[in-house]
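Student: I keep meeting words like "buried" and "core" in structure descriptions. Could we go through one example together and check each word against its definition?

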Amino acid sequence: MPSDAVRRLAAEPVDHRFKGLPPDAEAAGLTVGELAAQARDLHDGGFTTPVLTLDADALDHNLTVLGEYAARHHLAFAPHGKTCMAPQLFERQLEHGAWGITAAVPHQARVYRAFGIQRIFLANELVDAAALRWVAAELAADPAFRFVCYVDSVRGVELMDRALRGQPARVDVVVELGAGEGARTGARTDENCRAVADAVAAAPALRLVGIAGYEAEVPDADPEKVHAWLRRLTGLAVEFDKAGRFGEDVEEIVVSAGGSAWFDAVADVFGELPELSRPVLRLLRSGAYVSHDHGWYSRLTPFNRVPQEGGLRPAFRLWTQVVSRPSPTQAFVNAGKRDIAYDLGLPEAELVRDALTGEERAATGVRVVKLSDQHAWLETGSAEDVRVGDWVALGMSHPCTIFEKWPLIPVVGADGAVREYVRTFF
């Protein structure tokens, strides 16, 4: 059941803030909910190009597949919300069994709380004093709210404890094990992890509840190296439990890892965890699955290694329009760096829709070779591949940087009708 805050999104006016929506909807003073109720056809309903869309069936499929995967492997699931920053999708993830939502920075956590998220895992050391005081106030005001964040340094622990002195609630933390030299964040050695845990024990404002990390940062990652690192992670959890590092009032021990490239390895190794002194929350944090993509994650997904476990579908499509055809081998569409994710590769031309007949065909012979701010440069095999006015659908890589460029995204059904709009908050 949508929260009141999510329901209120339907009351937002359709206006200049939202790219690609029908201009006549703004002129008529429609709200987002009223426009959705009209179920307009994407191509004949007044939408303007460029316009980013989500496929309704692909979204449903992806939500179901990873929810079932986590349940099948006895994993709790806190998908990383930074991917989409879309409260409507958070609610659907929770409906599919998610334990909570992962954040990277305090702003994201504040968005989550504004839309009623009750469990937040912040996958970073949080040393911002103002943000820590906000977290403590939220915890004190709502006994049902659960918040956990990383710690990876003694100094960080000291700063956190100092910022939280006199605050009305303690903050639960997990020691972050780094993935190796040259990797991203996290304590680099087991001894460093023990020192951080000792610092937490001496910090009255904090409570150590587990161990976590991010396996995709393992240098030159391959199955053997990722499994070995994950066993270090779970080994530390076992060691800390035997040593009594988790306080008597800790009801469950959190062991967390898992992006979108190695969740099969996480399932393998977390499944090997022995029984500890308290129940273990085996927490997976994959986020890109919700929309998947046409390139990067299509190549990296663990379902390529374990196809019997399922598979994901690309849900995004960016519809652009040919605005110039200066030569038989060159064309330009009206979307560029302002609209297109390009940090993990150029987009791929997927479909061409004829401007006169509405017929769609595969974008054979059409290739994106360069991006300007507001144009994509297309290379074509012949003059017949695309014409001025044709719509060209692009597939892109990296959901995180696709979502962030579009504050309101039409969700298209199999019949081409738009009955839902996903609002993002970046």
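Tutor: Happily! In the largest nonpolar core, which has 118 residues, F147 and L230 touch the most other members. Keep in mind that this is a predicted model, where local features need pLDDT of at least 70 and side-chain atom pairs count only at pLDDT 80 or more, while totals for chains, interfaces and linings use all residues. Residues are numbered from 1 along each chain as its sequence is written, and side-chain values use heavy atoms, with hydrogens and water left out.

Student: What makes a set of residues a nonpolar core?

Tutor: The members are buried Ala, Val, Leu, Ile, Met, Phe, Trp, Tyr and Cys residues, joined through side-chain atoms within 4.5 Å. Apart from the largest core lies another one of 19 residues, including V14, L21, W391 and A393.

Student: Which residues does L230 touch, leaving out those up to four places away in sequence?

Tutor: They are E215, A257, A265, V266, V269 and F270. A contact here means heavy atoms within 4.5 Å.

Student: Why is H398 called buried, but A39 partly exposed?

Tutor: Buried means under 20% relative accessible area, exposed means over 50%, and partly exposed is in between (1.4 Å probe, protein chains only). H398 has 15%, so it is buried. A39 has 26%, so it counts as partly exposed.

Student: What is special about phi in those two residues?

Tutor: Most residues other than glycine have a negative phi. Yet phi of A39 is positive, near 50 degrees, and H398 has a positive phi of about 80 degrees without being a glycine. A39 sits in the loop between α3 (32–37) and β1, and H398 in the loop between β17 (391–395) and α13 (399–403). Helices (H or I, at least four residues) and strands (E, at least two) are DSSP runs, numbered from the N terminus.

Student: How do you know that the buried residues of α8 line one face of the helix?

Tutor: In α8 (residues 154–164), the buried ones are G156, V157, M160, D161, A163 and L164. Seen down the axis, they fall within an arc of 165 degrees (taken from the directions from the helix axis to the C-beta atoms), so they line one face. On the other side, R155, E158 and R162 are exposed.

Student: What do the buried residues of α8 pack against?

Tutor: Their partners are β5 (119–125), α7 (129–141), β6 (146–151), β7 (171–176), α9 (190–201) and β8 (206–212).
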